[in-house]
Amino acid sequence: MSANTPAIVVHGLRMAYGSKLIQEEVSFEVAKGSVFIIMGGSGCGKSTLLKHLIGLMPPAAGQVLYGDHDYWLADEAARDAIRRRFGVLFQGAALFSTMTLAENVMLPMKLNGDRRQSAAEQRERAETLLELVGLSAAADLLPNEISGGMKKRAGLARALALEPEYLFLDEPSAGLDPISSRKLDELILDLRERTGAAVVVVTHELPSLFAIGDDGIFLDAVSKRPIARGAPKQLLESCDHPFVHAFLRREVPPEDVEDGRE
Ligand SMILES: Nc1ncnc2c1ncn2[C@@H]1O[C@H](COP(=O)(O)OP(=O)(O)OP(=O)(O)O)[C@@H](O)[C@H]1O
């Protein structure tokens with residue numbers, strides 16, 4: 001695989017729940033070491049696309065390629081191997097409430113990590129990751145003892161536990177105040193620099209998607225197809241689709257453009 005090979009290639013994806021079509025003709029590439037944003041209005045299929053990417057739900061048709069491997073055609077062992085290279089921050093961080101932050105971060109190491117790593121080594125790595133996200137003093141606290149922003153950062157530390165090549169973040173700034181959200185953006189950019197991971201983010205937080213997005217795709221709930229591709233900042237300047245134009249400027253679109261949207 002050459003250095004220029006994209007980290008992820010999505011080709012001709014068709015997304016559906018039974019006979020209900022969500023999106024079709026979804027194709028894009030995510031470059032290594034870039035932040036790719038999945039954009040679009042409510043109900044257009046952003047979370048569904050993420051499910052197809054992280055192996056939670058097969059698409060109705062099309063391909064998701066990681067390097068040379070077609071994820072949905074691969075056998076279970078090959079899929080497992082690909083999934084081990086993923087780090088996922090779910091909405092709401094999804095921390096285990098009865099485990100301390102350090103134990104939460106150590107969990108992927110215990111489940112899928114290097115079996116030769118001792119508990120002390122796992123703890124050391126968890127502390128390093130918690131320090132990276134500014135939570136070194138909170139390692140032994142439980143999730144209900146910390147704020148929402150801290151939970152997101154702890155979730156991010158856990159997503160990084162196995163040094164992922166692919167990092168998936170579902171609405172990372174949802175529910176955060178603007179300052180915590182800004183700090184999280186900076187952390188995401190810093191992680192991209194440090195780890196070279198390909199980062200895929202679902203967000204409709206405008207300041208955040210402009211701050212961190214190197215590239216992206218805009219899904220449309222009415223035509224059930226992508227209607228724009230490119231860096232959010234570039235789309236803000238040059239995309240003339242009326243819905244994308246209004247969305248990125250936080251304007252109310254003309255009535256006929258809004259018809260049929262949730
Ligand atoms: N399990 C399911 N079965 C049937 N339809 C579903 C299911 N999950 C989601 N949908 C529908 O699929 C469409 C896309 O949902 P999805 O959650 O992917 O959108 P989204 O862009 O992430 O939305 P939001 O921004 O509101 O979170 C919606 O119309 C939703 O109602």
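**Exercise 1. Work out the strand order of the open sheet of 6 strands.**

Solution. The order is S6-S7-S8-S3-S9-S10, and the pairing is mixed. Strands here are DSSP runs of E with at least two residues, helices are runs of H or I with at least four, and both are numbered from the N terminus. Two strands pair if DSSP finds at least two bridges between them. Next, look for the edges: strand S6 (86-89) and strand S10 (225-229) each pair on one side only. Finally, neighbouring strands of this sheet are turned by 20 degrees against each other on average, direction ignored.

A word on the model before going on: it is predicted, so local features need pLDDT of at least 70 and side-chain atom pairs count only at pLDDT 80 or more, while totals for chains, interfaces and linings use all residues. Residues are numbered from 1 along each chain as its sequence is written.

**Exercise 2. Describe how S8 is paired and whether its faces are covered or open.**

Solution. Start with strand S7 (residues 166-170), which pairs with strand S8 (residues 198-202) in the parallel sense over 5 bridges. Within this pair, Phe168 stands opposite Val200, and Leu169 stands opposite Val201. Then turn to S3, which runs parallel to S8 and is joined to it by 4 bridges; here Val35 has Val199 as its bridge partner.

Now for the faces. In a regular strand the side chains alternate between the two faces of the sheet. Ala198, Val200 and Val202 lie on one side of S8, Val199 and Val201 on the other, and all are buried. Buried means that 20 or more other C-beta atoms, placed from the backbone, lie within 10 Å of the residue's own. Because 5 of the 5 residues of S8 are buried, the strand is largely enclosed by the rest of the structure.

**Exercise 3. Find which helix gives the largest share of the shell around the ligand, and place that helix against the sheet.**

Solution. First list the shell: Tyr17, Lys20, Ile22, Gly40, Ser42, Gly43, Cys44, Gly45, Lys46, Ser47 and Thr48 surround the ligand. A residue is near the ligand if its C-beta atom, placed from the backbone, lies within 6 Å of it. Strand S2 (20-30) and helix H1 (46-54) each supply at least two of these residues, and the largest share, 3 residues, comes from H1. As for its place, H1 lies across strand S3 (35-40), S6, S7, S8 and strand S9 (215-220). Its direction is about 155 degrees to S7, with angles running from 0 to 180 degrees between N-to-C directions of axes fitted to C-alpha atoms, for helices over the stretch in contact (C-beta atoms placed from the backbone, within 7 Å).

How values were computed
Contact = placed C-beta atoms within 7 Å. Buried ≥ 20, exposed ≤ 12 C-beta atoms within 10 Å, placed from the backbone.
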